[in-house]
Amino acid sequence: MDIKDIQNLIKFVSKAEVSEVKYKTKDFEITIKTPLAGSDAVYAQPAVYHTAPQAVAAPAPVATQAAPVAEKAEAASDDSKYVTIKSPMIGTFYRKPSPDKDVFVNVGDEVSVGKVVCVIEAMKLFNQIESEISGKIVKILVDDATPVEYDQPLFLVDPS
C-alpha cells in the first residue's frame, strides 16, 4: 500500500463518518481513528510487520511523554493571537510551484487575501492554496514535500 492509497483511505473514512477503521494484510497494518462529537482531526498510524522476528523497543516512560505536552500547551498559548491557514484537503504539501522555482512565502512575508501560499498535490493534481486572511507569516508548520491531512495547520499568520 503506497501513500496515495493511504491518503484515499483516510479521505474515505472521514467521509464515511466512522470512528475507527483497521486494515490489515500479511505485511502491513493501518488503523485510522476519527474523533467523535464533530472534532476534525484524523489520525493515521501505519505499522509495517516483517516476517523475521525484530527487537521491540520498550515504550517511553510516561514522565518523558508529559514534558512535550506541557511545551505544546505553552506554545499554543503563545500562538493564540495568530490565525492559522489550514489544509483544505489531503495531499502532499509543497512550498514551491516547481522544484526549480522559489518558494511562495517565507517567514516574515506579508500575505493578502487570495495570495497563493503553497501547493497541495492530490491524485496527480496540483492545487494552489490561497490565503483567506491578510497579515504576516509567523511560522511555517509543515516541511516541504510531506503529506498533510484535511484541516491540518500549515501556516501561522499575524493579522495585525
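Reader: Hello! In which strand does phenylalanine 126 have its place?

Author: Good place to start. This is a predicted model, in which local features need pLDDT of at least 70, side-chain atom pairs count only at pLDDT 80 or more, and totals for chains, interfaces and linings use all residues. Residues are numbered from 1 along each chain as its sequence is written, and side-chain values use heavy atoms, with hydrogens and water left out. Strands here are DSSP runs (E, at least two residues) and helices are too (H or I, at least four), numbered from the N terminus. Phenylalanine 126 falls within residues 125-130, which form strand S8.

Reader: Is phenylalanine 126 buried or exposed?

Author: Buried means under 20% relative accessible area, exposed over 50%, and partly exposed in between, with a 1.4 Å probe and protein chains only. Phenylalanine 126 has a relative accessible area of 54%, so the label is exposed.

Reader: Which residues is phenylalanine 126 in contact with, leaving aside neighbours within four places in sequence?

Author: Contact means heavy atoms within 4.5 Å. With the neighbours within four places set aside, the partners of phenylalanine 126 are Tyr94, Val119, Ile120 and Glu121.

Reader: And threonine 92, is that buried or exposed?

Author: Threonine 92 belongs to strand S5, residues 91-94. Its contacts beyond four places in sequence include Lys4, Gln7, Val119 and Pro147. Because its relative accessibility is 10%, threonine 92 counts as buried.

Reader: Which strands are at the edges of the open sheet of four strands?

Author: Two strands pair if DSSP finds at least two bridges between them. The open sheet has the order S4-S11-S9-S6, with antiparallel pairing. Each edge strand pairs on one side only, and these are strand S4 (83-86) and strand S6 (110-111).

Reader: What is the bridge partner of lysine 136 in S11?

Author: Strand S9 (residues 135-140) and strand S11 (residues 153-158) pair in the antiparallel sense over four bridges. Lysine 139 is bridged to leucine 156 of S11. For lysine 136, the partner in S11 is aspartate 158.

Reader: Which residue in S11 stands opposite isoleucine 85?

Author: S4 and S11 also pair in the antiparallel sense, over four bridges. Opposite isoleucine 85, in S11, stands phenylalanine 155.

Reader: Why do the buried residues of H1 line one face of the helix?

Author: Helix H1 covers residues 3-16, and its buried residues are Ile6, Gln7, Leu9, Ile10 and Val13. The arc is taken from the directions between the helix axis and the C-beta atoms. Seen down the axis, the buried residues line one face because they fall within an arc of 160°.

Reader: Which exposed residues does the face of H1 turned away from its buried side carry?

Author: Just after H1 comes glutamate 17, with a positive phi near 55°. On the face turned away from the buried side, the exposed residues are Phe12 and Lys15.

Reader: Which residues touch the most other members of the largest nonpolar core?

Author: A nonpolar core is a set of buried Ala, Val, Leu, Ile, Met, Phe, Trp, Tyr and Cys residues joined through side-chain atoms within 4.5 Å. The largest one has 15 residues, and strand S7 (116-122) and S11 each supply at least two of them. Those touching the most other members are Phe93, Val117, Cys118, Leu154 and Phe155.

Key
The expected span of a helix is 1.5 Å times one less than its number of residues.
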